[in-house]
Amino acid sequence: MYPPSRKDFISLTLSDPHSHTYNNGKHRRQSCWRKWKQLSRLQRSLILFLLALLLILGLLSYPSITEQWRGLSDREDWLELTDQQLKAAPPGVKPVLGPAAGIAPAPAARPHLEPAVGLDVIVEARGPNVPILPKPPIKKKTFPNKRGPPNLQKDGNVSDTVGGEKQEQEAVQEEEGEEEGKEKKIVSWRGAMIEADQATEPPPSANEKEAAAPPAPVNPADTVPLEVSTGTADRLEAVRDAFRHAWKGYKDHAWGHDELKPISKSFSEWFGLGLTLIDSLDTMWIMGLKEEFAEGRNWVEKELSFNKNVDVNLFETTIRVLGGLLSCYHLSGDQLFLEKAKDLGSRLMPAFKTPSKIPFSDVNIGKGTAHPPRWTSDSTLAEVTTIQLEFRELSRLTQEPQYQEVVNEVMKMVHTLPGKHDGLVPMFINTHSGQFTHKGVFTLGARADSYYEYLLKQWIQGGKIEDNLLEDYLQAIEGVKKHLVRKTGPNMFTFIGELSHNRFNAKMDHLVCFLPGTLALGAHNGLPGDHMDLAVQLMETCHQMYVQMETGLSPEIAHFSLQSSDGQDVLVKPADRHNLLRPETVESLFYMYRFTKDTKYRDWGWDILQNFNKYTKVPDGGYTSINNVRDPVNPGPRDKMESFFPGETLKYLYLLFSDDMELLSLDKYIFNTEAHPLPIWPSPPK
């Protein structure tokens with residue numbers, strides 16, 4: 001509104017030495033309105049223009065201001081927790097051992113699951129809600145063939161470590177639509193089934209097609225804001241809540257099947273052995289989730305059968321199913337699990353009936369036959385050297401030596417084979433000749449990683465008396481330091497690269513992040529102190545693989561800059577940006593915290609859990625792997641929850657946050673590569 005028009009007036013001032021000053025504005029000298037009217041039209045117009053300009057600028061900046069306040073509000077929500085919530089103590093979980101300490105007969109079978117002492121003391125205490133954040137809609141992919149975990153197929157995924165050899169190099173097809181109409185081959189590596197064109201699940205069976213529904217978009221109204229909590233009890237409860245949420249999705253949409261597809265509310269079948277359920281059983285026991293454990297045990301008793309005409313992968317079935325059953329037997333003392341483990345172990349034995357005694361990769365557990373993959377007669381080295389902990393333990397429990405004999409024979413052969421490079425081993429071994437193939441390529445990533453892990457863990461499991469295992473492990477670590485360790489240019493982060501025919505490649509799989517924990521475990525068991533120094537440095541690098549990504553989640557594969565002039569240490573190729581909910585980094589964080597008590601490792605693990613909740617949690621239940629860790633707006637859900645997420649990732653997070661150092665003490669238990677704890681054998685009398 002404009003001010004009233006100005007009126008002319010005359011101001012008359014009379015003064016003399018004996019009188020007061022007179023002015024016709026005397027009684028309104030303090031009036032702002034009067035002062036406004038005294039301004040000229042030009043002055044008033046200028047002031048109004050400036051006020052309008054400030055108003056417009058304020059409106060334009062409003063969205064960013066509200067976002068900042070909303071983020072600040074989310075970060076400060078924890079301050080509103082009551083004293084009672086902040087002081088809540090974590091439940092004390094004590095594993096109940098079966099005949100772990102010796103070879104005494106196991107307890108008699110029990111018709112019903114009886115609660116053991118370790119679970120009796122557990123009190124269900126709900127803490128802060130675990131957040132469920134919205135999943136953005138999936139946008140069209142610009143490259144149809146993204147790399148998953150490496151496979152053995154000639155037309156599979158990228159591997160920068162391999163040069164010129166067709167069986168080693170799997171090219172990523174960059175042109176859209178190039179693979180349409182081609183048959184998709186399915187392979188696996190350390191928990192991830194992949195296809196040649198980037199998908200992470202096998203083609204659906206007839207049952208899956210019936211069960212599958214089109215992915216539904218997530219409604220933001222169904223979500224709750226991310227909560228920040230720093231107390232130990234709150235963090236433990238947050239992990240329990242995450243597990244309950246994952247279990248809810250599996251129970252609702254994939255019960256008894258191998259893996260959950262949380263977006264389409266369906267399932268994928270691999271071997272038809274309930275992989276997620278068996279992988280998760282000991283996690284539930286450790287977390288004190290008695291009701292969920294009883295549900296799973298009931299399924300194992302009534303539904304789990306190995307008498308079926310199906311090909312299974314020796315490595316995957318051993319580390320997940322056999323390892324999971326043996327672990328549950330030791331924790332619960334329930335004879336049911338040992339009986340199932342004996343049945344499965346005997347059905348896997350045909351894999352070792354080869355000319356070289358190097359096992360085939362695939363076994364038909366119903367027919368009792370075994371064979372290599374269709375495309376090669378080779379097995380990957382990690383697959384044939386990462387079944388030993390489980391088979392050795394099965395022999396110890398059953399007093400049947402054949403299981404330990406066949407896997408020990410593999411280790412003896414590998415120990416003496418030519419073709420190593422200062423303790424580093426090639427990735428492939430032929431089942432007919434028993435010799436290394438595709439020599440000259442050395443990595444601690446896919447196809448070779450857990451060979452090094454199991455060298456140390458077998459030595460510890462057996463009471464530290466098997467000198468060949470220790471010798472191979474120490475020599476391998478020296479080879480790693482000599483040939484594969486480098487530092488980035490910008491910030492001097494230490495990483496493990498790969499060697500291909502004497503050519504160094506600054507590439508590191510997320511799988512390699514198992515190494516800090518393994519090095520720390522070795523140092524804890526009396527190995528050289530510089531192993532721990534390297535573990536600390538590598539742990540920082542694995543942390544950087546998370547924090548330098550926009551989502552705070554690591555890519556499947558990272559490349560590192562060796563030039564100091566480059567701005568970034570961690571570089572990610574478009575085909576490597578996916579995240580499969582892998583456990584290796586939180587696994588190493590668990591070991592590092594147990595041995596150093598440095599709370600930063602807990603904080604790093606907490607950040608990872610928060611980002612899993614923010615970018616991978618599906619509101620109706622379950623978590624999904626994502627396609628792009630560099631796009632927080634549209635990370636691209638892949639519609640698959642690997643069984644190792646509840647079986648490994650959440651288990652290690654729970655143990656990381658637990659204050660009970662005797663909960664699966666690392667002086668009493670050794671974890672297999674799927675995070676299933678097995679007892680360390682008593683040292684033989686000297």
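Which ring does the charged end of R486 sit over? The ring is that of F504, and the charged end of R486 lies 4.1 Å from its centre. With that detail as a starting point, here is a friendly walk through the structure, which is a predicted model.

## A three-stranded open sheet

Let's begin with the strands. Three of them, in the order β8-β9-β10, make up an open sheet with antiparallel pairing. Its edges are formed by β8 (378–380) and β10 (436–437), each of which pairs on one side only.

Strand β9 covers residues 428–430 and pairs with β8 over three bridges in the antiparallel sense. To find this pairing on screen, look for D378, whose bridge partner in β9 is N430. As general background, strands of a sheet pair through backbone hydrogen bonds, either parallel or antiparallel.

## Strand β17 and its neighbours

Further along the chain, β16 and β17 run antiparallel and are joined by three bridges. Here M508 stands opposite A558 in β17. Strand β17 is also joined to β18 (residues 570–571) by two bridges, and these two strands run antiparallel as well. In this second pairing, H559 stands opposite L571 of β18.

In a regular strand the side chains alternate between the two faces of the sheet. For β17 (residues 557–560), both faces are covered: I557 and H559 are buried on one side, and A558 and F560 are buried on the other.

## The disulfide

How many disulfides does the model contain? The count comes to one disulfide, and it joins C513 to C542 with an S to S distance of 2.1 Å. The link between C513 and C542 is left-handed, with -105 degrees about the S-S bond.

C513 belongs to the loop between β16 (507–509) and α16 (515–524), while C542 belongs to helix α17 (residues 529–547), so the disulfide ties together parts that are 29 residues apart in sequence. Both C513 and C542 are buried. Another cysteine, C328, has a relative accessible area of 2% and is therefore buried.

## Positions marked in UniProt

Which residues carry the "active site" feature in UniProt? The unreviewed UniProt entry places this feature at E316, D449, E556 and E584.

Two of these can be located in more detail. E556 is found in the loop between α17 and β17, and E584 is found in helix α18 (residues 584–596). Are E556 and E584 buried or exposed? E556 has a relative accessible area of 5%, which is under the 20% cut-off, so E556 counts as buried. E584 counts as buried because its relative accessibility is 1%.

## Aromatic pairs and a cluster

There is plenty to explore among the aromatic rings, with a count of 21 aromatic pairs. One of them is formed by W247 and W255, which meet edge-to-face at 5.7 Å centre to centre, with 85 degrees between the planes. W247 is buried, with a relative accessible area of 5%, whereas W255 is partly exposed, with a relative accessible area of 31%.

Why is the pair of W285 and F293 edge-to-face? The ring centres of W285 and F293 are 5.0 Å apart and their planes lie at 65 degrees; an angle over 60 degrees counts as edge-to-face, so this pair falls in that class. Both W285 and F293 are buried. Finally, one aromatic cluster is formed by F590, Y591, F595, Y652 and F671.

Definitions and conventions:
Residues numbered from 1 in each chain as written. Predicted model: local features only at pLDDT ≥ 70, side-chain atom pairs only at ≥ 80, totals over all residues. Heavy atoms only, no water. Pairing = 2+ DSSP bridges. Helix = DSSP H or I, 4+ residues; strand = E, 2+ residues; numbered from the N terminus. Disulfide = S-S within 2.5 Å. Buried < 20%, exposed > 50% of the residue type's maximum accessible area, 1.4 Å probe, protein only. UniProt positions renumbered as here; feature names shortened; annotations may be inferred. Phe/Tyr/Trp six-rings, centres within 6.5 Å; stacked < 30°, edge-to-face > 60°. Lys NZ or Arg CZ within 6 Å of the ring centre and 35° of its normal.
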